[in-house]
Amino acid sequence: DDQGGRVDLAQGVLVPAGSRHAFAGVGANRFVTLDIPSGDAAGSDSLFAGRRAFFAISQPVAHLLAFIRSRGADASAQRDRMAPLLAGALAADLAPGRAAAPLQLCRAVDFLRRSFGQTIDNADVAAAAGVSAARLHVLFREWMNTSPGRYLLRLRLEHAREQLLGGRETIAEIALTAGFSEQSAFSRAFRRRFGDSPAAFRRSRLRRRWLHHPLRDNAPARAR
């Protein structure tokens, strides 16, 4: 239907079965695809009724996606358990009759998604949304159960996490592109969010990737 948009940490897309669509993954990225049959408890028909294809990802859905990402190679083994939870969370968010998020909030979220790597503050976000700073806080608290500052921090840390998983940049470079002016501040925030320092997180994921690599079992044993 000539609809286009971006799928990222803050926005998902609904694609009806049988519809023509195309997508492109730019850079290192991963995504979750959830197939919901017609007549399922999540109600695929009701999800698509009178709704735009793209939708904002709520905190409950974001938490489930973060858990799936954290499982790495083990996530596929738990898909039968995770799929109903994710479908249920989406159905609750997109239920018919539920009011759409205010345009000002959508503008703020879009600005944050595009600008999280820059030096910005609440005044910049409020100006982009066309509201006062006080009204901006009210919108985020009512609709997203967080503050603009915490949402910005989440975007920055999730971006940095993805770069640590798949990129080759140094930790200092990742901190800078994620919007942190100091590596020490980035490391403290990352540890609070994920429980590990950026360096320890990268080492553990690289080790896990090696342990699950298909060529590992065929590698020659070391002589002793």
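# A guided tour of the predicted model

Of the 224 residues in the chain, buried ones make up 35%, and it should be kept in mind throughout the tour that this is a predicted model. Colour the chain by secondary structure to begin with: there are 10 helices and two strands, and reading along the sequence gives the pattern β-α-β-α-α-α-α-α-α-α-α-α.

**Stop 1: a patch on the surface**

Select Val7, Val13 and Val15, and show the surface, where these residues form a nonpolar patch with about 200 Å² of accessible area together. Valine 15 belongs to the loop between strand 1 (11-13) and helix 1 (44-48), and with a relative accessibility of 34% it counts as partly exposed.

**Stop 2: a charged pair within helix 4**

Move next to helix 4 (residues 103-115), where aspartate 110 and arginine 114 are four residues apart and therefore separated by about one helical turn. The two form a salt bridge whose closest N and O atoms are 2.9 Å apart; aspartate 110 is partly exposed, at 29% relative accessible area, while arginine 114 counts as exposed at 56%. Add Arg113 to the selection, and you will have a network of salt bridges that links Asp110, Arg113 and Arg114.

**Stop 3: helix 6 and the residue after it**

Select helix 6 (residues 133-144), whose 12 residues should span 16 Å at 1.5 Å a residue, and whose end C-alpha atoms are indeed 16 Å apart. Leu136, Leu139, Phe140 and Met144 are buried in this helix. Looking down the axis of helix 6, you will find that its buried residues fall within an arc of 95°, so they line one face of the helix. Turn the view to the other side of helix 6, where Ala134 and Glu142 are exposed.

Asparagine 145 follows helix 6 and sits in the loop between helix 6 and helix 7 (148-166). Most residues other than glycine have a negative phi, but asparagine 145, although it is not a glycine, has a positive phi of about 55°. With 58% relative accessibility, asparagine 145 counts as exposed.

**Stop 4: a link between helix 7 and helix 9**

Now select glutamate 158 and arginine 193, which form a salt bridge with their closest N and O atoms 3.1 Å apart. Because glutamate 158 lies in helix 7 and arginine 193 in helix 9, this pair ties together parts that are 35 residues apart in sequence. Glutamate 158 is buried, with a relative accessible area of 3%, whereas arginine 193 is partly exposed, at 37%.

Another salt bridge to display joins the side chains of arginine 161 and glutamate 162, at 3.9 Å from N to O, and here arginine 161 is buried, with a relative accessible area of 4%. A search of the whole structure finds four salt bridges.

**Stop 5: the aromatic cluster**

Finish by selecting Phe180, Phe186, Phe190, Phe194 and Phe201, which form one aromatic cluster. The structure holds six aromatic pairs. One of them is the tilted pair of phenylalanine 190 and phenylalanine 194, with 4.7 Å from centre to centre and 50° between the planes. Both of these residues lie in helix 9 (residues 183-194), four residues apart, or about one turn of the helix; phenylalanine 190 counts as buried at 0% relative accessibility, and phenylalanine 194 as partly exposed at 25%. Phenylalanine 194 also pairs with phenylalanine 201, the ring centres being 6.2 Å apart and the planes at 35°, so this pair is tilted. Phenylalanine 201 itself counts as buried, at 2% relative accessibility.

Notes
Residues numbered from 1 in each chain as written. Predicted model: local features only at pLDDT ≥ 70, side-chain atom pairs only at ≥ 80, totals over all residues. Heavy atoms only, no water. Patch = residues over 30% accessible without salt bridge, like charges linked within 9 Å, V, L, I, M, F, W, Y side chains within 5 Å. Areas by Shrake-Rupley, 256 points an atom, 1.4 Å probe, with all protein chains shown as cover. Buried < 20%, exposed > 50% of the residue type's maximum accessible area, 1.4 Å probe, protein only. Phe/Tyr/Trp six-rings, centres within 6.5 Å; stacked < 30°, edge-to-face > 60°. Expected span 1.5 Å × (residues − 1). Arc of directions from axis to C-beta.
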